[in-house]
Amino acid sequence: MDFLTTYIVLAEIYVLLGLSTNLLVGIVGIFSVSQAAVFGVGAYLTAFLLMHTALPFPVAVLLAAAFCVGLNILVTLPSLRVSGDYFVVTSFGIQLLATAVFTNWTGGTGGANGLPGVPAPLILGHEFTEPTEFIALTTIGMALGCLCFWLMMRAPFGALLRAIREDELAVAALGKSVLGAKVSAAALAGAFAGSAGGLYATFLSFVDPSSFDLDASIFLLTMVVVGGARTLAGSVLGPFVLLALPQILALIDIPTSIAAAARQLIYGLLLIVFMLFRPQGLLGEKL
Amino acid sequence: MTAYLQVTGLNKRFGGLQALRDCSFTVGQGRITCLVGPNGAGKTTIFNAITGFLVPDTGHVEFQGRSLDGQSPQQIVHHGIARTFQNLRLFADLTARDNVLAGMQDHVGEGPLGAIFRPFHTARALAAKQDAAMAVLAHVGLQDRASALVRNLSYGEQKLLCIARILATGAELLLLDEPTSGLSGAALTEVMALLRRLQAEGKTLLVVEHNTRVVQQIADDVLFLHHGHLLAHGSPAEIIADPKLAEIYFGGTL
């Protein structure tokens with residue numbers, strides 16, 4: 001059963017990333033291709049804090065999430081000056097920069113070899129080592145994330161963010177602060193991605209740059225596209241569908257060397273097919 | 001007596017084009033003032049300058065005796081001035097009601113923290129805002145279309161919604177950029193009736209208008225703009241009777 005539990009734990013972590021990406025890209029229309037970088041910073045920072053300080057797990061994750069709030073505001077700020085397609089280029093650059101740091105800063109991140117031996121979460125004297133235990137943490141994390149997302153989207157804040165996506169100038173003409181709303185959205189997306197990173201690092205007890213590279217960012221976008229942009233249901237369904245794919249491929253008896261390439265191929269195909277035939281995704285808002 | 005809205009000596013140059021040239025005029029409280037002039041006369045540029053979307057090279061704008069110089073569009077709405085756009089700029093994928101909601105100046109629930117940590121307070125505020133939005137929609141005659149997406153509204157309904165959206169801001173001075181363009185028949189009559197009703201309720205309207213028949217019917221004062229300069233002002237009858245202005249307006253070479 002470990003197989004299934006591991007799948008659920010990872011999918012639940014990716015739901016937080018789906019919320020993060022959907023909030024920025026789907027709801028506000030800030031086309032970020034660097035969400036994996038923020039995810040990575042959350043993971044590395046949590047790993048570092050747990051390995052080198054005596055901070056308890058919840059505090060370490062909260063600190064990492066808080067740091068990612070600031071970081072995501074910083075990397076999203078260019079979207080206030082360069083809009084639409086141009087921001088993709090900026091965001092692309094940020095992602096490449098992050099990958100370079102993850103890979104080359106051997107002192108902090110362990111470089112390409114990664115950081116092994118991240119301690120398992122210890123809460124109230126209980127150690128969450130097994131996937132069957134860890135699932136409690138990720139389920140709570142996912143539920144909290146979904147609750148926040150739902151509360152925000154049904155509040156006037158959600159309507160304001162959608163309005164910004166459609167026409168920033170008109171929002172300003174109605175006396176609303178576009179800057180304030182965008183910064184808030186970026187902060188939340190950072191908190192989601194940062195805490196996802198914390199859970200990821202402690203669950204795998206190992207972090208390396210390959211989980212946080214450009215492919216990973218595009219994977220997050222694929223999740224949102226397939227699951228469905230702009231909705232809570234889409235952000236939840238996407239990760240569960242896409243992460244099931246490697247499991248299904250594993251059941252078919254093909255060599256591992258081909259499997260990895262086949263996975264990328266299928267993700268790419270999915271992205272194209274959905275864009276062409278069902279741009280709103282499985283459970284997204286009709287575009 | 002200080003004017004309600006006082007525009008003094010506005011100049012704005014875009015490269016080789018002098019969009020506004022020493023442009024000055026006043027708008028009286030409670031009146032419907034129509035801004036007319038040939039295409040490219042600077043009518044929309046004036047709107048942009050008053051509402052903070054454009055910083056003039058020189059000149060001042062004063063509203064109720066307070067200077068608006070250097071203020072952001074956001075601050076200017078808080079002073080009680082709101083504008084519509086010639087190309088509407090509605091939120092096409094939102095419902096009519098949510099478009100109006102976006103104009104409301106009660107900011108409860110518009111931040112993420114309030115939305116997350118005070119969910120019940122936010123829900124109550126939202127319900128109150130939705131009621132208020134419905135009232136605004138009813139005011140312009142769109143109550144039956146509240147849950148329709150903007151892109152499914154007729155052009156006439158969209159024009160009305162533009163006005164509803166800025167009414168929601170509670171602004172006293174409404175700047176309407178061609179509220180009747182593209183309308184005819186019943187839809188035109190409806191917008192004109194709405195403008196008069198707003199005036200009767202105490203709003204002040206500054207309206208860019210091309211249709212001389214509409215100007216004659218709704219305007220108290222007319223401002224005639226040419227090459228970014230105020231060429232003439234007066235009652236609709238005076239402006240329309242001036243052969244020189246008619247020549248400019250209908251394709252003269254002056």
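Two strands are said to pair if DSSP finds at least two bridges between them. In this predicted model, strand β3(B) and strand β9 (residues 221-226) of chain B meet that condition, since they pair in the parallel sense over 4 bridges.

**Strand β3 of chain B and its partners**

Strand β3 (residues 32-36) of chain B is also joined by 4 bridges to strand β8 (residues 204-208) of chain B, and these two strands run parallel. B:Leu35 can be followed into both partners: its bridge partner in β8(B) is B:Val208, and its bridge partner in β9(B) is B:Leu223. The strand is mostly covered, with 5 of its 5 residues buried. This holds for both faces, with B:Ile32, B:Cys34 and B:Val36 buried on one side and B:Thr33 and B:Leu35 buried on the other.

**The open sheet and helix α1 of chain B**

Chain B also holds an open sheet of 4 strands in the order β2-β1-β4-β5, with antiparallel pairing. Its edge strands are β2 (17-27) and β5 (66-67) of chain B, each of which pairs on one side only. Strand β4 (residues 58-63) of chain B is joined to β5(B) in the antiparallel sense over 2 bridges, and B:Glu62 stands opposite B:Ser67 in β5(B).

Helix α1(B) lies across β1 (5-14), β2 and β4 of chain B and runs at about 65° to β2(B). This helix, residues 43-50, is mostly covered, with 7 of its 8 residues buried; the buried residues are B:Lys43, B:Thr45, B:Ile46, B:Phe47, B:Asn48, B:Ala49 and B:Ile50. After α1(B) comes B:Gly52, whose phi is positive, near 85°.

**Positive phi outside glycine**

Most residues other than glycine have a negative phi. Two residues that depart from this pattern are set out below, one in each chain.

| Residue | Phi | Place | C-beta neighbours inside 10 Å |
|---|---|---|---|
| A:Ser205 | near 55° | loop between α10 (178-204) and β4 (206-207) of chain A | 15 |
| B:Asp22 | near 45° | strand β2 of chain B | 14 |

A residue counts as buried with 20 or more such neighbours, as exposed with 12 or fewer, and as partly exposed in between. A:Ser205 therefore counts as partly exposed with its 15 neighbours, and B:Asp22 likewise counts as partly exposed because it has 14. B:Asp22 belongs to strand β2 of chain B, which is one of the edge strands of the open sheet.

**Surroundings of B:Leu161**

B:Leu161 lies in helix α6 (residues 155-167) of chain B, and it counts as buried because it has 25 C-beta neighbours inside 10 Å. Leaving aside residues up to four places away in sequence, B:Leu161 touches B:Leu90, B:Ala96, B:Asn99, B:Leu142, B:Val150 and B:Leu153. In the case of B:Leu90, the two residues are 71 residues apart in sequence, while their C-alpha atoms are 8.2 Å apart in space.

**Domains of chain B**

Chain B is divided into domain 1 (5-80 + 171-249) and domain 2 (92-157). The C-alpha centres of these two domains of chain B lie 28 Å apart, and 5 residues of domain 1 are in contact with 4 residues of domain 2. The side of domain 1 of chain B that touches domain 2 has 3 nonpolar, 1 polar and 1 charged residues.

**Contact between the chains**

Between the chains, 28 residues of chain B are in contact with 23 residues of chain A. On the chain B side, the elements that give two or more residues are α2 (73-79), α3 (96-101), α4 (112-117) and α5 (119-140) of chain B. By class, the residues on this side of chain B divide into 12 nonpolar, 9 polar and 7 charged.

**Confidence in chain A**

Chain A averages a pLDDT of 92, and 99% of the residues score at least 70. Among the elements of chain A, helix α2 (residues 35-52) has the highest mean pLDDT, at 97, whereas helix α4 (residues 78-81) has the lowest, at 80.

Note on methods: Residues numbered from 1 in each chain as written. Chains lettered and ligands numbered in written order. Predicted model: local features only at pLDDT ≥ 70, side-chain atom pairs only at ≥ 80, totals over all residues. Domains from an automatic or database assignment. Contact = placed C-beta atoms within 7 Å. Nonpolar A, V, L, I, M, F, W, Y, C, P; charged D, E, K, R; others polar. pLDDT = per-residue confidence, 0-100. Axes fitted to C-alpha atoms, helices over the stretch in contact; angles between N-to-C directions.
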